[in-house]
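Work through the exercises below with the model open. Try each task before reading its solution.

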2 protein chains.
Amino acid sequence: MQKRRKLGRGVAIIGAGMSKFGAFREKIQRDFFVEAFEEMVSSVDKGLDIKDIDALYLGNFSSDVFENQVHLGPIIADWIGLTPKPATRTEGACAASALAFREGVFAIASGFYDVVLVGGVEKMTSLSTERVTEALALATDMSYEGRVGFTFPGVFGATATAYMEKYGARPEHFMRVAIKNHRNARLNPKAQFNASILDIMNSRMERAKKKGEPVPTWKDEWDFLHDPQVNPVVAWPMRLYDCCPISDGASCMLLVAEEIAKDFTPNPIYVTGIGQGSGRPLHTKEALTYFEATRYAANEAYQMAGLKPEDIQIAEVHDCFTVAEICHIEDLGFFKPGEGYKAVEQGLTERTGPKPINTSGGLKCKGHPVGATGVAQLYEIWKQLRGEAQERQVPIKDLRIGAAHNLGGTGGTCTFNILERR
Amino acid sequence: MQKRRKLGRGVAIIGAGMSKFGAFREKIQRDFFVEAFEEMVSSVDKGLDIKDIDALYLGNFSSDVFENQVHLGPIIADWIGLTPKPATRTEGACAASALAFREGVFAIASGFYDVVLVGGVEKMTSLSTERVTEALALATDMSYEGRVGFTFPGVFGATATAYMEKYGARPEHFMRVAIKNHRNARLNPKAQFNASILDIMNSRMERAKKKGEPVPTWKDEWDFLHDPQVNPVVAWPMRLYDCCPISDGASCMLLVAEEIAKDFTPNPIYVTGIGQGSGRPLHTKEALTYFEATRYAANEAYQMAGLKPEDIQIAEVHDCFTVAEICHIEDLGFFKPGEGYKAVEQGLTERTGPKPINTSGGLKCKGHPVGATGVAQLYEIWKQLRGEAQERQVPIKDLRIGAAHNLGGTGGTCTFNILERR
């Protein structure tokens, strides 16, 4: 039983922004952050003087490798006009900006600061696809995991194989996650893949017809996803459409002390649970089918919030590969171990279902600029809780509680954060 | 006038450790951290159960580049037995672990955690000297500073030239910093250069004699430092002995909530002032001779502590190059602008002087494994305030207040932290 932890001072979110996610080879990291920052500033209902921002926390995985630029914190601070206010980079692989969010919460809860900007950025398309896969693999333990050849498609291929063997799932169960998340991303104009699988299928048929080429005869999305030309195996049973894309983008949000939140907006969103855990490398894990660090993080956040998994009405869950979403909806307690894939099959995690997961399209379709992802997940929850998710707004009547789960590496870093509207 | 900030809950240091600093090509980062951690554990007067540690903050500049390993937090947590407790990496160039220290302070002051391990590590000798200089240059703004050819010797060569022109200092004033810091490092068994300039000079003469080679005729340390064979110009007026070495090593300390500090030791050291600021790239600076971010950080820390520069009895000051120490003792308010070099000349900053600076030997002689430096500076202050600095203990009768200043990049990140014994 973990200790119940609490903060000495409440923290609320009063603004949020994210850049369009996608492949934008002509831009550099600071461009994306400025785009996200401008949306954040304009999202503050009662207006914001940026001079009121006390500090910046910036999540970034490795612009060291992607852009030959370390020490990104003060550069971003300078570009958005915050200098000489402090700027700190946090790194926890693909959970980098969830850590920035957490440090922003601590900085305010400590009483030291009142208004803190948190966010993340990554520009990945500066490298070739092969080099990106290698760069990401630096988030494994290179002495034990990377050294024996594990890259992330391999890690999650192994996870999926273990999951299928233990619980009797089939590759089609993973495909269902992709179909769902594409359907959600279709409603998200900032998503990298702003299209359902059917949209993609139809546009390919349309294109062939226009070009006078032989028109493929896929009869539905399942037929399309089983075509090895369209959806080749990357690392069995993970096929191309089970993997998130390589993305560029940024995200940010403005945190303030609870007692001043209403000075900025009549509709703040409160941070009621925060959790983080760390995990050991694969060769020391008891089983590949669950993530100890996620369970630890979730428990910490639930205890702080005084909530149970069934209280969470909507969640963004780290789906770098489709199998990851299934494992994590179990680790977070939304479904019992071995029941996650059935829940997806039964449509329980659809946007219109009882437990909507990844209404943004998830990493899988919204895109996964790794350092930006943690706060981008929270951005989706912020939008949904404020009823501002437009076409993709979930049809839940009294939507008050949402959460975001972010994973780094092979499970080395996991976070779970709970947000509430009051 | 900056706002006076305070923490909602006091924080104390109850243990500290650092590895020997130096060039240890056969080791990897986790080895250094374990060495520092073991000393920290044994330094806790009333003993420590490591199960009581709630979280880890780890400063690291770029093991991404140095060791092809990102996501170091959970790896280090695993190696010291902390998993599944959270582990977060902070990065602010050469100030990386000062940021880890600060986040540990916030995590406790927030009320969320009670016992937090903070530290830093860097293994730099895995690359050649030329590649290390290139890797470090990634901490400049690569779009504006690095792109026009600035590496750090160049940055501080330009700083020194500007300083000489503005205030009339001569290269010998910088040399005095090296002489002082070498003399201090002679008394520090963990220092990379555990020898005074005279020791080095004499041992070279001894070696020549033994080998039957012509014995050089240096008559004193000044003569030695003016020999272009011994002390070539690296970036005018910075010569070899004005530059810190390339180093490997780790440091850590254990922070706890003030109210439980006495459960661990009768002699805790309290964190009474914390400060951090950020700076803009060189081409936008008003002058090269001072660091805006240091001034901001210092002001923040002094205000919190309710102290003035003259109250600080001893300090570690970021001396990556000798000129940096001179600029920063001015920026910290110890001496007026343009008076720092005279203070050094007058011996005011000697270990036995009225304002001892860098009793550890500083980065210049103790070594500068960049990610480990911030907490290693605080380690020296901890040792001095507890009267445990052995041979290098300063002869100040009622030593109660010390501070450490850490710099990242070309001034992008600066921190200043004040510690007190009660």
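**Exercise 1. Backbone outliers in chain A**

Locate A:Asn358 among the elements of chain A, then state its phi and its burial.

Solution. Start with position. A:Asn358 sits in the loop between helix 12 (340-345) and helix 13 (362-366) of chain A. The model is a predicted one. Next, the backbone. The phi of A:Asn358 is near 60°, a positive value for a residue that is not glycine. Most residues other than glycine have a negative phi. Last, burial. A:Asn358 has 27 other C-beta atoms within 10 Å, so it is buried; the cut-off is 20 or more.

Now treat A:His71 in the same way: which loop holds it, and is it buried or exposed?

Solution. A:His71 lies in the loop between helix 2 (63-66) and helix 3 (72-79) of chain A. Its phi, too, is positive, near 60°. A:His71 has 28 C-beta neighbours inside 10 Å and therefore counts as buried.

**Exercise 2. Cis peptide bonds**

Where does the cis bond that ends at A:Pro237 fall, and what is found in chain B?

Solution. In chain A, the bond from A:Trp236 to A:Pro237 is cis, with omega near 0°. A:Pro237 belongs to the loop between strand 5 (233-235) and strand 6 (238-239) of chain A. In chain B, a cis bond joins B:Trp236 and B:Pro237, with omega about 0°. B:Pro237 is placed in the loop between strand 5 (233-235) and strand 6 (238-239) of chain B. For context, most peptide bonds are trans.

**Exercise 3. A strand at the chain boundary**

Describe the surroundings of strand 3 of chain A, and name the strands it pairs with.

Solution. Begin with burial. Strand 3 (residues 87-91) of chain A has five of its five residues buried, so it is largely enclosed by the rest of the structure. Then take the faces. In a regular strand, side chains alternate between the two faces of the sheet. One side of strand 3 of chain A carries A:Ala87, A:Arg89 and A:Glu91, the other A:Thr88 and A:Thr90, and all are buried.

Now the pairing. Strand 2 (residues 55-59) of chain A runs parallel to strand 3 of chain A, with four bridges. Here A:Leu58 has A:Arg89 as its bridge partner. Across the chains, strand 3 of chain A and strand 3 (residues 87-91) of chain B are antiparallel and share three bridges. There, A:Thr90 is bridged to B:Thr90.

**Exercise 4. A residue that touches both chains**

Which residues of chain A does B:Ser278 touch?

Solution. First place it: B:Ser278 is in strand 8 (residues 269-278) of chain B. Count its neighbours next: 30 C-beta atoms inside 10 Å, so B:Ser278 is buried. Then list the contacts, leaving out residues up to four places away in sequence. In chain A they are A:Gly73, A:Pro74, A:Ala77, A:Thr83, A:Pro84, A:Lys85, A:Pro86 and A:Ala87. In chain B they are B:Ala293, B:Gly412 and B:Thr413.

**Exercise 5. Relating the copies**

What operation superposes chain B on chain A?

Solution. The operation is a rotation of 180° with 0.0 Å of shift along its axis, and the RMSD is 0.0 Å. That is the relation of a two-fold axis. In chain B, the C-alpha nearest the axis belongs to B:Ser110, 1.8 Å from it. The same surface serves both copies: 100% of the contact residues of chain B recur in chain A.

How values were computed: Residues numbered from 1 in each chain as written. Chains lettered and ligands numbered in written order. Predicted model: local features only at pLDDT ≥ 70, side-chain atom pairs only at ≥ 80, totals over all residues. Buried ≥ 20, exposed ≤ 12 C-beta atoms within 10 Å, placed from the backbone. Helix = DSSP H or I, 4+ residues; strand = E, 2+ residues; numbered from the N terminus. Pairing = 2+ DSSP bridges. Contact = placed C-beta atoms within 7 Å. Least-squares fit on C-alpha atoms with pLDDT ≥ 70 in both.
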